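Me: I want to go through this model term by term. Please set each value against its definition.

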Amino acid sequence: MKKIRVMSVFGTRPEAIKMAPLVKTLAEREDFESLCCLTGQHREMLDSVMDIFRLKADYDLNIMQKQQTLSSITTRTLLGMETVLEEAKPDLVLVHGDTSTTFAGALAAFYRKIPVGHVEAGLRTYDKYSPYPEEMNRTLVGDLADLHFSPTAANAENLRKEAVSGEVFITGNTVIDAMRTTVREDFRFAEPELNAMDFANRRVIVLTCHRRENYGKPMHDILRAVRQIVVTHPEVEVVYPVHLSPVVRACAKEELGDTERVHLIDPIDVEQMHNLMARCHFVMTDSGGLQEEAPALGKPVLVLRRETERPEAVAAGTVKLAGVEYDEIVRMASELLEQPTVYHKMAQAVNPYGDGNACARIADAIAWHFGNQETRPENFQP
């Protein structure tokens, strides 16, 4: 049996959360040599995930710079990967999702004719500027990849319609695997403000809002709506881990800085976020990952975007598109707070994103592709 050398390349916190359990799964199997290469597209937030999952990088490009641009991230990753791939000579390069690291990592492997595996493949909005630049990153990687690991059947169907080359597997999402180890009943927050919160008697809403396409008026309208929700519902508290982007922090301070029962805190690590969601009432977010994570914890999600590349959750009823308009956000959040039947219908819907075995399916698919396993792994079905 050939030992398959697999290099996982990632550079941001969301990628690390979803790739960490896969890196560990591969490392635990005798038929794999698991290598990890960080680009360092995000630094502090990335390092905290590595610490939580007790992972050490074999290679670290450390590309992050102040005021970095999409072009600088891409070019620095490409140049750095040249040396890494020459030295490591992996049989397969794994990239995740839709970041600039994802695209540049896949392109660097392609230039060296190394097969590419795309984890979380096939998500689409079909609007190349929303989310930006993620939609084009994942679409371009779809053309570069040889193995496509789609979380859901709908994602896989998107790839088939695009006639991508290579094998498409339906695996579920690796973030559900990650949550098996991060969420604990006895968890204590590192953030003292969170330990002091009365989750049993208060309705705590977890808020994230940071996407580039929401900069400007959309973000101001979203946060104004949140302020109105808090003012009209005295039992509500909001926890908002504010992204490090100066644009986001300025907007959060302007719209919510003086609002009682709104807790503006610094970004928190993945363990704290998962356990915060496990204790909250519901989630309001423009993030992609939280749309998958919160339903696994039985928490409704209002998506603060005009569209989502994760329509399965909308169809299942765990997620609703609230958009970016003030009135609609206030209406939908108030509905969840005031109508128990609406809340429970969302909270009890079946999560379409995984059963905690995505990493095993991906490992089996790689083994099958390289001839170390006779049978093709069965597709995930919710």
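Me: What makes the six strands an open sheet, and in which order do they run?
Reply: This is a predicted model, where local features need pLDDT of at least 70, side-chain atom pairs count only at pLDDT 80 or more, and totals for chains, interfaces and linings use all residues. Residues are numbered from 1 along each chain as its sequence is written, and side-chain values use heavy atoms, with hydrogens and water left out. The order is E10-E9-E8-E11-E12-E13, with parallel pairing. Strand E10 (262-265) and strand E13 (319-321) each have a single partner strand, so one side of each lacks a neighbour in the sheet. The twist averages 20° from one strand to the next.

Me: How do you know that E8 and E11 pair?
Reply: Two strands pair if DSSP finds at least two bridges between them. Strands are DSSP runs of E, at least two residues; helices are runs of H or I, at least four; both are numbered from the N terminus. E8 (residues 203-208) and E11 (residues 282-285) have four bridges, in the parallel sense. Pairing is therefore met. Leucine 207 has methionine 284 in E11 as its bridge partner.

Me: Which strands does helix H9 lie across, and at what angle to E9 does H9 run?
Reply: H9 (residues 217-232) lies across E8, E9 (236-241), E10 and E11, at about 150° to E9. Axes are lines fitted to C-alpha atoms, for helices over the stretch in contact (heavy atoms within 4.5 Å). Angles run from 0 to 180 degrees between N-to-C directions. H10 (residues 246-256) lies across E8, E9 and E10, at about 160° to E10.

Me: Why are the buried residues of H2 said to be on the same side?
Reply: In H2 (residues 44-52), Met45, Leu46, Val49, Met50 and Ile52 are buried, meaning under 20% relative accessible area (exposed is over 50%, partly exposed in between; 1.4 Å probe, protein chains only). They cover an arc of only 165° around the axis, which puts them on one side of H2. The arc is that of the directions from the helix axis to the C-beta atoms. Glu44 and Asp51 are exposed, on the face turned away from the buried side.

Me: What covers those buried residues of H2?
Reply: The cover includes strand E1 (4-10), helix H1 (13-28), strand E2 (32-38) and helix H11 (270-279).

Me: Why is there no bond between cysteine 36 and cysteine 37?
Reply: A disulfide is a pair of cysteine sulfur atoms within 2.5 Å. The sulfur of cysteine 36 is 7.4 Å from that of cysteine 37, its closest, so the two are too far apart for a bond. The whole structure has zero disulfides.

Me: What makes cysteine 37 buried?
Reply: Its relative accessible area is 0%, so cysteine 37 meets the cut-off. Cysteine 36, at 2%, is buried too.
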